[in-house]
Amino acid sequence: MLMVNLILILLVGGVLAMLSERLGETMPRKVALAVVLVDIVYLLSQLSAMPQLTQLQAPVPDDPSTWLMHFKAQWIPAFGINIEFALDGISLLMVMLTLVLGAIAVSSSWTDVTTKQGFFEANLLWTLAGVLGVFMALDLFLFFLFWEVMLIPMYFMIAIWGHENRGYAAMKFFIFTQASGLLMLVATLALVAVNQNATGVWSFSYFDLLHTSMSGQTAHWLMLGFFVAFVVKLPGFPFHTWLPDAHTQAPTAGSVILAGILLKTGAYGLIRFAVPLFPQAALDFSFVAMLLGVAGVVYGAVLAFAQTDFKRLVAYSSVSHMGFVLLGVYAWNELALQGAVMQMVAHGFSTAALFMIAGSLQERLHTRDMREMGGLWQQMPRMGAVAMFFVVASLGLPGLGNFVAEFLVLLGLFQANPWMTAVAALGLITGAIYSLILMQRSFQGEPNARYDSHRLVDFAGREMFTMTVMMVALVALGLYPQPVLDMAQPVLQSLLELTSAGVTP
Amino acid sequence: MNSSQMMALMPILMLSLTAVVLMIQASIKRDQNVAWWITAAGFLLTIWGAGYARDFTQSVTILLDVDDWGLFFSTLIVFASLVSLILSRESFSREGERKEEYYLLLVLSVLGAVILIQSSHMASLLLGMELMGVALYAMIAFPEKGELPLEAAIKYLVLSACASAMLLFGFALVYAATGDLTYAGIGAEVDVAYGREPLVLVAGSAMILAGLGFKLSVVPFHMWTPDVYQGAPTPVTAFLATVSKGAVFVALSRFYLEAELYQYDTLIAALSVVAVTSMLAGNWLALRQNNIKRLLAYSSIAHFGYLLVALIAISIAQSIAQAQLISDAVTFYLTAYILTTLAAFAVVAQLSGEDDGKSMIGAYDGLFWRHPVQALGLTVALLSFAGIPLTAGFIGKFYLINVAIESQLWFLLVALVLGSAIGIYYYLRFIFAMSKTSATIVKTQPKAAFSGQDVVSIVLLTLVLALGSWPQPFIEFAGRL
């Protein structure tokens, strides 16, 4: 029940946050923060009661009883659809990341959102609930449901509280994900139909579908259906074009959730579904996928360099960083996968922080254009220092989480394809260029005369606290990544065993 | 005819009784309020009658075939008429004229629809369709003021007449080839007749399909739809979109199945073309519509394109399980479509009334902040049309995609997915408009008070969501039909 409760708390909490607006303008954000914190405390209290957490066993992918947690209840028996949740190391990592970033997102909306706060916080909590569902659902129908439903509150967040071009951005975001989601739905149904023809039973359960035998060509097409849906969300080149618009136009909390969590659902989908369900097809396709990954790394970096809009630059840097995840997944060995998981966590923090800084700048300067910034460090030294930290984290400075992630990916990738690794490593250099440009244009250099007359408010206690949380997280990930690696390792290992059994060398 | 057969005809009898009572009432004292209550009571009695008749399902003469499937759709259609009746109370009483005739026409039109649903003979098919159609022309033109309703009625009248002519010619040709007018009789003769006179038979059934296709407004018989939807009073549009189209689709599937039309490859090919063009053109033409009634018109074209996929799939169904899946798909999708359409029009009727200017997208700006219940109702309806999970429309689409995959109709599947992807855009445009927060909209227009029509919206909204989030009971129910 833990997993169902986690989602229910957020859903009900959203309604409470909306209703609490009647008690006062500022109530919703307090309620929302309380709800997310309650969720975190609840999760931790339940986890501490679980003995198996201290020594994680490798879960057998097709045997739910070996997983950390498993929940199953009938829903639509006519089609063998169940409400089925399960938790293993990777999903647990993602759930924790979601909740922590959720709290951070609520905090970042503290002063940013001024109209309809109740509905805003409700949408934020509902998005989190949808994302949790995606990370825990192991029934493909249920997974698809969360995958689609989490879009609606996110759509409202962009469409109602976004910036100047919000209508276009929200629409593009929704259409990209929905249309690709339709492909996934078709692929899911086809997979279920193949399984049903073979066994005579309707089932949408991941555990039943893992060993569906089908012809190579069928597997190839179905794998593509999943691949496209996940890569659009990731986003991988060439499906990334919705991302700069959506991230730039979304309100700060929306950008934090989008970049921090929503993109990770794509990566998670690749690791959990796209490869294990179709191991042979994924192996045959891995070269193309890695090519797309490399293209994303380099192209995203080049485009990021060319931006003048603070948020757009960070958005394109996400394309580049997510390219590493794609590379890591399709190199499909333990090192690279560890790197991909690490990147999901580390990028979640570093990008969320950069978007928060962008949001704070916009709140103070009413622009995101870096040509109108410059020398801001003088007026806001605390913000400048924080920005510097996250910029160097994002460019992959050793000692911080992102470096560990990218290094592991490259190390693993080298075993799979050395040439690809050489090109992808360029991403580290280009990353340094656009990151430092970002820093120079906004915080260093000549102060812009426009802001001489009025004082800009530096980061205060609340902002410094949230930033510190993320800084500590990144330093911890960089210096002692072992806990995260330990948590993911058994899962990755068993996934590797599963796929190697399904592949003819 | 024995008493058990009379019992089977209970819904039809109840509707006829209502029509008679309405006429008597009008001759004693003309009062539109009383007429409204009589009609409402008549519809409720009909719904009861349809339930009662379930114990007496049988063929009644060669004209009508009362079965569970038909009774279910009769109930659904009477329910839709009831909603349309509730919606029209508001908009007609506003005009303050004597409108009793309208209720009589409504009852007669529903009677036609119920006959159409239960027909098993070409004569009853035609009778039902004409009764439904002729009453509908008058209903469309009912507001005497304004040019739009009149234009719509005349357009509908002229094109309907052409469709009926086609239908009749088709009947004649099929009769010439098979020598039978009952669906089952035609089905039994098809093999022999096809060997003898294939051209006559195919031409005849193609003309029948064209005649029915006109009422369903599938491409290329769709030209009238947006104008009629826009011009007709909104409750009548709701009636046309649900009762008329629903009944015709049920009749079409019945005829198609029992007369075994699915055996002709030429017809299947033609139907496939119609389905694909309806899905694509319907969605494509809806893209730039700023008037919500026109938008719903084009989207309904697309939705009947989706439904045709199920009919085409029957031609290649190999097992009973597959045929069962297909018939469940039709039942579910049609039910979802009718409920969703009603939910959408319930909102449009309340907001737009008969003022065409208020159907434009601008009138929906910021609706969430002015009238949350209505905005929520329309949002859920649009999401259901778009096929977003947790709504009835999604389970419907889930069924159709399943059917297309099981029957390996890849080409149709591609059109279905493509059409759905296009569709998201125009449904979202209205949702976006409703969520606008610009200060002028929110401040200048006061929050509307809770009204009786909100109850209708809430009921429909709940039905759409319930069917989408907990479909199992309905799936079981549909499986037994």
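**Exercise 1. Decide whether Thr61(B) is buried or exposed, and place this residue in chain B.**

Solution. Begin with the criterion, by which a residue is buried if 20 or more other C-beta atoms, placed from the backbone, lie within 10 Å of its own, exposed if 12 or fewer, and partly exposed in between. Thr61(B) has 12 other C-beta atoms within 10 Å, and is therefore exposed. Next, locate the residue: Thr61(B) sits in the loop between strand 1 (58–60) and strand 2 of chain B, where helices (H or I, at least four residues) and strands (E, at least two) are DSSP runs numbered from the N terminus. Finally, inspect the backbone, where Thr61(B) shows a positive phi of about 55° although it is not a glycine.

The model is predicted, so that local features need pLDDT of at least 70 and side-chain atom pairs count only at pLDDT 80 or more, while totals for chains, interfaces and linings use all residues. Residues are numbered from 1 along each chain as its sequence is written, and chains are lettered from A and ligands numbered from 1 in the order in which they are written.

**Exercise 2. Work out which residues in the loop between helix 9 and helix 10 of chain B have a noteworthy backbone, and whether Ser217(B) is buried or exposed.**

Solution. Ser217(B), which lies in this loop, has a positive phi of about 55° without being a glycine. Its environment comes next: with 27 other C-beta atoms within 10 Å, Ser217(B) is buried. Pro220(B) is also placed in the loop between helix 9 (198–216) and helix 10 of chain B, and the peptide bond that joins Val219(B) and Pro220(B) is cis, with omega about 5°. In chain A, a cis peptide bond with omega of about -10° joins Leu234(A) and Pro235(A), and Pro235(A) lies in the loop between helix 9 (216–233) and helix 10 (242–249) of chain A.

**Exercise 3. Describe how helix 13 and helix 14 of chain B are arranged, and then what surrounds Phe345(B).**

Solution. The axes, which are lines fitted to C-alpha atoms (for helices over the stretch in contact), are compared by an angle from 0 to 180 degrees between N-to-C directions. For helix 13 (residues 292–314) and helix 14 of chain B, the axes come within 9 Å and cross at roughly 175°. This makes the two helices of chain B roughly antiparallel, given that angles under 35 degrees count as roughly parallel, over 145 as roughly antiparallel, 65 to 115 as roughly perpendicular and the rest as oblique. Among the residues that make the contact are Leu296(B), His303(B) and Leu307(B) of helix 13 and Tyr333(B), Leu334(B) and Tyr337(B) of helix 14, a contact meaning that the C-beta atoms of two residues, placed from the backbone, lie within 7 Å.

Turn now to Phe345(B), which is found in helix 14 (residues 320–352) of chain B and is buried, having 31 other C-beta atoms within 10 Å. Neighbours within four places in sequence being left aside, Phe345(B) is in contact with Thr234(B), Thr237(B), Ala238(B) and Ala241(B). Val417(B), by contrast, is 72 residues away in sequence and 25 Å away in space, C-alpha to C-alpha.

**Exercise 4. Establish which helix supplies the largest share of the side of chain A that touches chain B, and how helix 7 of chain A packs against helix 18 of chain B.**

Solution. Counting first, the contact takes 27 residues from chain A and 21 residues from chain B. The largest share of the chain A side, 14 residues, comes from helix 7 of chain A, and the residues of that side divide into 22 nonpolar, 3 polar and 2 charged. Here Ala, Val, Leu, Ile, Met, Phe, Trp, Tyr, Cys and Pro count as nonpolar, Asp, Glu, Lys and Arg as charged, and the others, Gly among them, as polar.

As for geometry, helix 7 (residues 166–199) of chain A and helix 18 (residues 410–434) of chain B pack at an angle of about 150°, with their axes 10 Å apart, which makes them roughly antiparallel. The contact includes Phe174(A), Leu182(A) and Val186(A) from helix 7 of chain A, and Val417(B), Ile424(B) and Phe432(B) from helix 18 of chain B. By class, this helix pair contributes 15 nonpolar, 3 polar and no charged residues.
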